[in-house]
Amino acid sequence: MTCLPEDVRALALLLPETVEGAHQGHPDFRVGGRIYATLWTDEARVVVKLTPDEQARVLEDEPDAFEPVPGAWGGRGWTSLDLDAADEAVLRIALLTAWRTVAPGDLVARYDDLALDP
């Protein structure tokens, strides 16, 4: 089953201290003032901030769903997730991983066991 932009918003806003904002005319999700996901509703994709190692892992595990953002942004871990090619479990993991990548360390430590379970 594919995911919808509404799924991205609902799941992202479950993560601690997440606030919704806007970046270049697209909804984004931030923690500690840093963007960890940007939603491209017109393209049915979400761009998430991963470490380069995490990016390599998702590209290997789900090559039909993920691709690096072109250029230097992709080299820094920014990764597109095609919502039409992802199920909810993949979306949940991507958002949680992105949140952990940018959230302040003390916040991540407080929520060490955090999972986005249904």
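Let's start with helix 4. Its buried residues are V90, L91, R92, A94, L95, L96, T97, A98, W99 and V102. One caution before going on: this is a predicted model.

How long is helix 4? It covers residues 88-102. At 1.5 Å a residue, its 15 residues should span 21 Å. The end C-alpha atoms are 21 Å apart, so expectation and model agree.

Look at the start of helix 4 next. There, a side-chain oxygen of D87 comes within 3.2 Å of the backbone nitrogen of A89.

Now the core. The largest nonpolar core holds 31 residues. Which of them have the most contacts inside it? They are Y36, V46, L81, L83, L91, L95 and W99. Several elements feed this core. Helix 1 (5-12), strand 2 (26-31), strand 3 (34-40), strand 4 (45-49), helix 4 and helix 5 (105-110) each give at least two residues. Helix 4 provides the largest share, eight residues.

Stay with W99 for a moment. We met W99 among the buried residues of helix 4. What does W99 touch, once neighbours within four places in sequence are set aside? The list is L15, P16, T18, V31, Y36, L107, V108, Y111 and L114. Y36, another of the residues with the most contacts in the core, is on that list.

On to the sheet. Six strands make an open sheet, and the pairing is antiparallel. The order is 1-2-3-4-6-5. Which strands sit at the edges? Strand 1 (19-23) and strand 5 (66-68), and each of these pairs on one side only. On average, neighbouring strands are turned by 30 degrees against each other, direction ignored.

Let's walk across, beginning at strand 1. Strand 1 and strand 2 are antiparallel, with five bridges between them. A22 faces P27 of strand 2. The hairpin joining this pair has two residues between the strands. In that hairpin, Q24 has a positive phi near 50 degrees.

Is strand 2 enclosed or open? Five of its six residues are buried, so strand 2 is largely enclosed by the rest of the structure.

Next pair. Strand 2 and strand 3 run antiparallel and are joined by four bridges. F29 stands opposite A37 of strand 3. R30 has I35 in strand 3 as its bridge partner. This hairpin also needs a look: two residues lie between the strands, and G32 takes a positive phi near 60 degrees.

Strand 3 has a similar story of burial. Five of its seven residues are buried, so strand 3 too is largely enclosed by the rest of the structure. T38 belongs to strand 3. Why does T38 count as buried? Its relative accessible area is 6%, and buried means under 20%. Which residues does T38 touch, not counting those up to four places away in sequence? They are H23, H26, P27, D28, R45, V46 and V47. V46 and P27 have both come up already: V46 in the core, P27 opposite A22.

Moving on, strand 3 and strand 4 pair antiparallel over four bridges. A37 has V48 in strand 4 as its bridge partner. So A37 has come up twice, since F29 of the neighbouring pair stands opposite A37 as well. The hairpin of strand 3 and strand 4 has four residues between the strands. Here A44 is the residue with a positive phi, near 50 degrees.

Now the other edge. Strand 5 and strand 6 (residues 78-82) pair in the antiparallel sense over three bridges. F66 stands opposite L81 in strand 6. L81 was one of the residues with the most contacts in the core.

What lies across these two strands? Helix 2 (residues 52-61) lies across strand 5 and strand 6. Helix 2 runs at about 140 degrees to strand 5.

One residue of helix 2 to finish: R57. Is R57 buried, exposed or partly exposed? At 37% relative accessibility, R57 counts as partly exposed. Finally, back to D87, from the start of helix 4. R57 and D87 are 30 residues apart along the chain, and their C-alpha atoms are separated by 17 Å.

Methods:
Residues numbered from 1 in each chain as written. Predicted model: local features only at pLDDT ≥ 70, side-chain atom pairs only at ≥ 80, totals over all residues. Heavy atoms only, no water. Pairing = 2+ DSSP bridges. Axes fitted to C-alpha atoms, helices over the stretch in contact; angles between N-to-C directions. Contact = heavy atoms within 4.5 Å. Expected span 1.5 Å × (residues − 1). Buried < 20%, exposed > 50% of the residue type's maximum accessible area, 1.4 Å probe, protein only. Polar contact = N/O pair within 3.5 Å; in protein donor to acceptor, adjacent residues only side chain to side chain. Core = buried A, V, L, I, M, F, W, Y, C linked by side-chain atoms within 4.5 Å.
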